[in-house]
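Here is a short note for a first look at this entry. Please keep the structure open and follow the points in order.

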Amino acid sequence: MNLKMVMIIGIPLLLIFGIIMYFTMPWIAIYLGIQSEPNPPSPTTKYGEFPFRLEYEIDGKRMVIQDTLICEYDGVGADEGRGKYRKWKQRLASGEDRLTLLKLDENKEIIFPPGDAQYYMGDKDDASMEHTLFPNALLLKREGRITTEELISADQLLDEYNIKLISWNSSEPIKNSFK
């Protein structure tokens with residue numbers, strides 16, 4: 001009777017355990033592999049402020065946005081694509097979340113991203129890489145909890161929204177070292 005009970009309960013439990021391990025083991029192996037990597041070197045400069053000026057035109061009216069991008073080192077992050085990497089936080093000195101050029105409705109707006117902290121803090125692998133989209137912009141769409149960004153070319157920006165980005169002046173990135 002005990003052997004029959006063990007087989008009735010044990011075999012399904014063993015089968016369930018095998019299925020769980022089949023699906024979770026690769027993720028556990030990836031996690032353990034990433035955690036066993038050494039941390040990337042820490043930056044010597046961990047804080048920077050980068051003033052910028054964006055001049056644009058909407059329906060023939062000139063507009064200017066002047067602000068400062070504040071960048072700060074935020075420790076080490078890890079993911080499946082990059083392994084361990086240096087994390088950076090960025091914010092605008094004005095307190096705004098983003099550079100909005102035109103709000104189309106409650107769920108759509110045209111924005112201009114000033115670039116990323118990794119570029120400004122000298123942490124890009126390829127220094128020749130473009131750091132902004134100028135003279136293009138992004139269309140930000142919110143659908144429920146999902147937000148998507150769509151590139152808008154300079155021509156499309158002018159033709160569909162009558163917006164022309166005139167100039168983008170920003171501070172140069174710093175020369176950082178990592179130890």
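In what order do the four strands of the open sheet stand? Bear in mind that this is a predicted model.

1. **Sheet order.** The order is S3-S2-S1-S8. These four strands make an open sheet, and their pairing is antiparallel. Strands S3 (83–92) and S8 (163–170) stand at the edges. Each has a single partner strand, so one side of each is left without a neighbour in the sheet. On average, neighbouring strands here are turned by 30 degrees against each other, direction ignored.

2. **S1 with S2.** Start with strand S1, residues 47–58, and strand S2, residues 61–79. The two run antiparallel and are joined by 12 bridges. To find the register, look at Phe50: its bridge partner in S2 is Leu69.

3. **S2 with S3.** Nine bridges join this antiparallel pair. S2 and S3 form a hairpin, with three residues between them. For a marker here, take Cys71, which stands opposite Gln90 in S3.

4. **Aromatic pairs.** How many aromatic pairs does a search of the whole structure find? The count is seven. One of them is formed by Tyr73 and Trp88. Their arrangement is edge-to-face, with 5.5 Å centre to centre and 70 degrees between the planes. This pair links distant parts of the chain: Tyr73 belongs to strand S2 and Trp88 to strand S3, 15 residues apart.

5. **Burial of that pair.** Are Tyr73 and Trp88 buried or exposed? Buried means under 20% relative accessible area. Tyr73 has 18% relative accessibility, so Tyr73 counts as buried. Trp88 has 15%, so Trp88 counts as buried too.

6. **A second pair.** Tyr119 and Tyr120 also pair edge-to-face. Their ring centres are 5.1 Å apart, and the angle between the planes is 75 degrees. Both Tyr119 and Tyr120 are buried.

7. **Aromatic cluster.** Which residues join Phe52 in one aromatic cluster? They are Phe112, Phe134 and Trp168. By residue number, Phe52 falls within strand S1 (47–58), and Trp168 falls within strand S8 (163–170).

8. **Charges over rings.** Two arginines deserve a look. The charged end of Arg82 sits over the ring of Tyr85, 3.6 Å from the ring centre. Arg86 lies over the face of Phe178, and here the distance to the ring centre is 3.9 Å. By residue number, Tyr85 and Arg86 fall within strand S3 (83–92).

Note on methods: Residues are numbered from 1 along each chain as its sequence is written. This is a predicted model: local features need pLDDT of at least 70, side-chain atom pairs count only at pLDDT 80 or more; totals for chains, interfaces and linings use all residues. Side-chain values use heavy atoms; hydrogens and water are left out. Two strands pair if DSSP finds at least two bridges between them. Axes are lines fitted to C-alpha atoms, for helices over the stretch in contact, and angles run from 0 to 180 degrees between N-to-C directions. Rings of Phe, Tyr and Trp (its six-membered ring) pair if their centres lie within 6.5 Å; planes under 30 degrees apart count as stacked, over 60 as edge-to-face and the rest as tilted. Buried means under 20% relative accessible area, exposed over 50%, partly exposed in between (1.4 Å probe, protein chains only). A charge sits over a ring if NZ of Lys or CZ of Arg is within 6 Å of the ring centre and within 35 degrees of the ring normal.
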